[in-house]
Amino acid sequence: MIRFARPDVTEAETAAAESTIMSGWLTAGPSVKKFASRAARKCGADHAVCFDSCTAALEMSLRVLGVGPGDEVITTPYTYSATAEVIRNVGARIVFCDLKPGTFEMDYGLMSSLITPRTKAVIPVDIGGVPCDYDELIGAISSKASLYPPITALQKSIGRVAVVADAAHSFGAEYKSRGIGCVADFTCFSFHVLKSITTGGEGGAVAWMDFDGIDSSALEKEFSLLGDHGQTGKGISGVHG
């Protein structure tokens with residue numbers, strides 16, 4: 001039998017999981033916050049917030065950006081369905097950009113031609129953990145910055161179509177000596193059991209750098225509230241979910 005994937009779990013991971021379970025926190029809690037902080041440092045980002053999947057991280061990134069009905073988001077057809085699904089979930093229009101011949105990433109010249117005043121984000125995908133050509137991607141987007149009508153403060157700070165990277169495969173990878181996590185505007189990771197690291201079968205996170213004129217602590221709180229259905233945890237002790 002040829003194994004598709006075999007988790008590498010040692011006594012250290014087992015002990016850490018047991019310690020977390022016995023602490024009384026089975027979902028959000030001190031261990032999750034510590035993990036988010038360490039994940040941000042690992043990928044070179046200023047901030048990270050954890051979710052239950054990369055899918056959730058992608059969707060909440062679009063929501064934080066203010067993407068919704070009437071907007072368009074460009075992505076690649078060569079990916080898992082969740083990459084496009086999150087665009088539909090926020091009510092925006094999915095715009096597929098075909099691949100550059102001989103590669104697994106979008107044709108950025110074609111992508112540039114697909115940008116309209118309704119385009120609010122592009123979701124590139126690091127297939128197989130290999131980072132996209134982010135310089136070419138951002139250059140193509142920046143060439144159409146004059147078409148971009150920002151609505152929210154965050155959109156104005158970015159000043160062009162936002163890059164929300166589907167880096168489900170590429171936690172720990174680097175692009176030109178920069179960690180995948182500090183290159184795109186928002187970078188979303190998966191900690192599913194089939195990815196490079198796992199948080200017990202499922203998991204995800206979004207990482208980002210500070211934005212000019214944006215309160216990073218408020219942005220972090222917004223991500224956390226969206227991920228927990230608006231719950232603040234006030235008045236809750238012990239296990240919660």
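Good morning. A disulfide is a covalent bond between the sulfur atoms of two cysteines. For the count that follows, a pair of cysteine sulfur atoms qualifies if the two lie within 2.5 Å. In the structure before you, which is a predicted model, the number of disulfides is zero.

Let me begin with the cysteines. How far is the sulfur of cysteine 54 from the closest cysteine sulfur? The distance is 5.4 Å, and the partner is cysteine 188. Since a disulfide requires sulfur atoms within 2.5 Å, that separation is too far for a bond. Looking from the other side, cysteine 188 takes part in no disulfide, and its nearest cysteine sulfur is that of cysteine 54. Both residues are away from the surface by the accessibility criterion: cysteine 54 is buried at a relative accessible area of 8%, and cysteine 188 is buried at 0%.

I turn now to the aromatic residues. A pair of aromatic rings is described by the distance of the centres and the angle of the planes. How many aromatic pairs does the structure hold? There are ten, and I shall discuss two of them.

One of the pairs joins phenylalanine 35 and phenylalanine 191, with 5.2 Å between the ring centres and 85° between the planes, an edge-to-face arrangement. Phenylalanine 35 belongs to helix α2, residues 30–42, whereas phenylalanine 191 sits in the loop between β8 (186–190) and β9 (204–208); the pair therefore ties together parts that are 156 residues apart in sequence. The two rings do not share an environment class: phenylalanine 35 is partly exposed, at a relative accessible area of 26%, while phenylalanine 191 is buried, at 1%.

Another edge-to-face pair is made by phenylalanine 186 and phenylalanine 223, whose centres are 5.6 Å apart and whose planes meet at 70°. This pair, too, links distant parts of the chain, with phenylalanine 186 in strand β8 and phenylalanine 223 in helix α8, residues 216–227, a separation of 37 residues. Phenylalanine 186 is buried, with a relative accessible area of 0%, and phenylalanine 223 is likewise buried at 0%. These two residues also belong to one aromatic cluster, together with Phe51, Trp208 and Phe211.

Helix α8 offers one further long-range approach. Glycine 227 is placed in this helix and is partly exposed, at 37% relative accessible area. Its C-alpha lies 7.2 Å from that of methionine 60, although the two residues are 167 apart in sequence.

Let us return to helix α2, where phenylalanine 35 resides. The helix has 13 residues and spans 18 Å from its first C-alpha to its last, close to the 18 Å expected at 1.5 Å a residue. Which residues of α2 are buried? They are Ala36, Ala39 and Ala40. Viewed down the helix axis, the buried residues fall within an arc of 100°, so they line one face of α2. Strand β1, residues 47–51, is included in what covers them. The other side of the helix carries exposed residues, namely Pro30, Lys34, Arg38, Arg41 and Lys42. Just after the helix, glycine 44 adopts a positive phi of about 80°.

Positive phi values also occur outside glycine. Lysine 176 has a positive phi of about 50° although it is not a glycine, and serine 177 has a positive phi near 70°. Where is lysine 176 found? Lysine 176 lies in the loop between β6 (174–175) and β7 (178–179), and serine 177 lies in the loop between β6 and β7 as well. Lysine 176 counts as exposed, at 56% relative accessibility, and serine 177 is exposed at 67%.

My last item is an arginine. Arginine 160 lies in the loop between α7 (153–158) and β5 (162–166). Is arginine 160 buried or exposed? Arginine 160 is buried, with a relative accessible area of 13%. Leaving aside residues up to four places away in sequence, arginine 160 touches Ile138, Ile141, Ser142, Ala145, Tyr148, Gln155 and Asp185.

To recapitulate: this predicted model has zero disulfides and ten aromatic pairs, and the pair of phenylalanine 35 and phenylalanine 191 ties together parts that are 156 residues apart in sequence. Thank you for your attention.

Key: Residues numbered from 1 in each chain as written. Predicted model: local features only at pLDDT ≥ 70, side-chain atom pairs only at ≥ 80, totals over all residues. Heavy atoms only, no water. Phe/Tyr/Trp six-rings, centres within 6.5 Å; stacked < 30°, edge-to-face > 60°. Helix = DSSP H or I, 4+ residues; strand = E, 2+ residues; numbered from the N terminus. Buried < 20%, exposed > 50% of the residue type's maximum accessible area, 1.4 Å probe, protein only. Expected span 1.5 Å × (residues − 1). Arc of directions from axis to C-beta. Contact = heavy atoms within 4.5 Å.
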